[in-house]
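User: I should like to go through the reasoning behind the descriptive terms applied to this model. Please set each value against its definition.

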Amino acid sequence: MNEPIRQTDDLNVVERHFGLICKVARGFATNEHDFDDLVQEIAINVWQAFGSFDYENAETTFVYRVATNRAISWYRKRKRSRKLLGEFAIWRRQNAPTPHRSDCRLEMLYAAIQRLSEVERALVIMHLDAASYEQMAEVIGISVSNVGVKLNRAKTKLKRIIELGENQ
């Protein structure tokens, strides 16, 4: 049975899932400024949409759906007007000195993820967060078997991107 949503639940949903929101934003933003903007936009959308949350579904799935849809819309809008700026930001991050090897590898992974299609990005980010295929299917709006196919293709493409990047 659906219980009335208390205003504190609305605010706490963003707090409870802030890490997830950041992961999704990280997969779509090409620089730190865009990352901050996208996190804020996603958080606001999650907060605003929480009133329509269906308690029969997992809250995490709901947040993934809102976050992913917002990130894709944001990315498409930015893509048109900021293509050159985004390419410079990726180049800058790839060429900036990094004090720790693990940070460098993480930056390389995110740079490679950004070269995937929108759906592939979303699937890889959710996979890295150990989301189930069922959850991914529900968020993206495709079948579970299609998740497996698309995710395997994305992993292959990601491996190729990373290998080419390290060989250059």
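User: What makes Glu107 partly exposed?

Analyst: Buried means under 20% relative accessible area, exposed means over 50%, and partly exposed lies in between (1.4 Å probe, protein chains only). Glu107 has a relative accessible area of 24%, so Glu107 is classed as partly exposed. This is a predicted model, in which local features need pLDDT of at least 70 and side-chain atom pairs count only at pLDDT 80 or more, while totals for chains, interfaces and linings use all residues. Residues are numbered from 1 along each chain as its sequence is written, and side-chain values use heavy atoms, with hydrogens and water left out.

User: Why is the contact of Glu107 with Arg26 called a salt bridge?

Analyst: The term requires a side-chain nitrogen of Lys or Arg within 4 Å of a carboxyl oxygen of Asp or Glu. For Glu107 and Arg26 the N to O distance is 2.6 Å, so the pair satisfies the definition. Glu107 lies in helix 6 and Arg26 in helix 2 (residues 18-28), so the salt bridge ties together parts that are 81 residues apart in sequence. Helices are DSSP runs of H or I with at least four residues, strands are runs of E with at least two, and both are numbered from the N terminus. Arg26 itself counts as buried, at 14% relative accessibility. Arg26, Glu32 and Glu107 are linked in a network of salt bridges.

User: How many salt bridges are counted by this rule, and which parts does the one between Glu138 and Arg65 link?

Analyst: The count comes to eight salt bridges. Among them is the one between Glu138 and Arg65, at 3.3 Å from N to O. This pair links distant parts of the chain, with Glu138 in helix 8 (residues 133-140) and Arg65 in helix 4 (residues 59-81), 73 residues apart. Glu138 counts as partly exposed at 32% relative accessibility, and Arg65 counts as partly exposed at 28%.

User: Is Glu118, which meets Arg76 in a salt bridge, buried or exposed?

Analyst: Glu118 is buried, with a relative accessible area of 15%. Its partner Arg76 counts as partly exposed at 45%. The N to O distance of this salt bridge is 3.0 Å. Glu118 is in helix 7 (residues 118-128) and Arg76 in helix 4, 42 residues apart.

User: Why is helix 7 described as largely enclosed by the rest of the structure?

Analyst: Eight of the 11 residues of helix 7 are buried, so the helix is largely enclosed. The buried residues are Glu118, Glu120, Arg121, Ala122, Leu123, Val124, Ile125 and Met126. Just after helix 7, Ala130 takes a positive phi of about 65°.

User: How do you know that the buried residues of helix 3 lie on the same side?

Analyst: The buried residues of helix 3 are Asp34, Phe35, Leu38, Val39, Ile42, Ala43 and Val46. They cover an arc of only 165° around the axis, which puts them on the same side of helix 3. The arc is that of the directions from the helix axis to the C-beta atoms. An α-helix has 3.6 residues a turn, so residues three or four places apart point the same way. The face turned away from the buried side of helix 3 carries the exposed residues Gln40 and Gln48.

User: What makes the reach of helix 3 close to the expected value?

Analyst: Helix 3 (residues 32-49) has 18 residues and reaches 25 Å from its first C-alpha to its last. The expected span is 1.5 Å times one less than the number of residues, and for helix 3 this is given as 26 Å.

User: Where is Ala154 placed, and why is Ala154 called buried?

Analyst: Ala154 is in helix 9 (residues 144-167). Its relative accessibility is 0%, so Ala154 counts as buried. The C-alpha atoms of Ala154 and Ser117 are separated by 8.6 Å, although the two residues are 37 apart along the chain.

User: What share of the protein is buried, and how many helices and strands are there?

Analyst: Buried residues make up 41% of the 168 residues. The protein has nine helices and zero strands.
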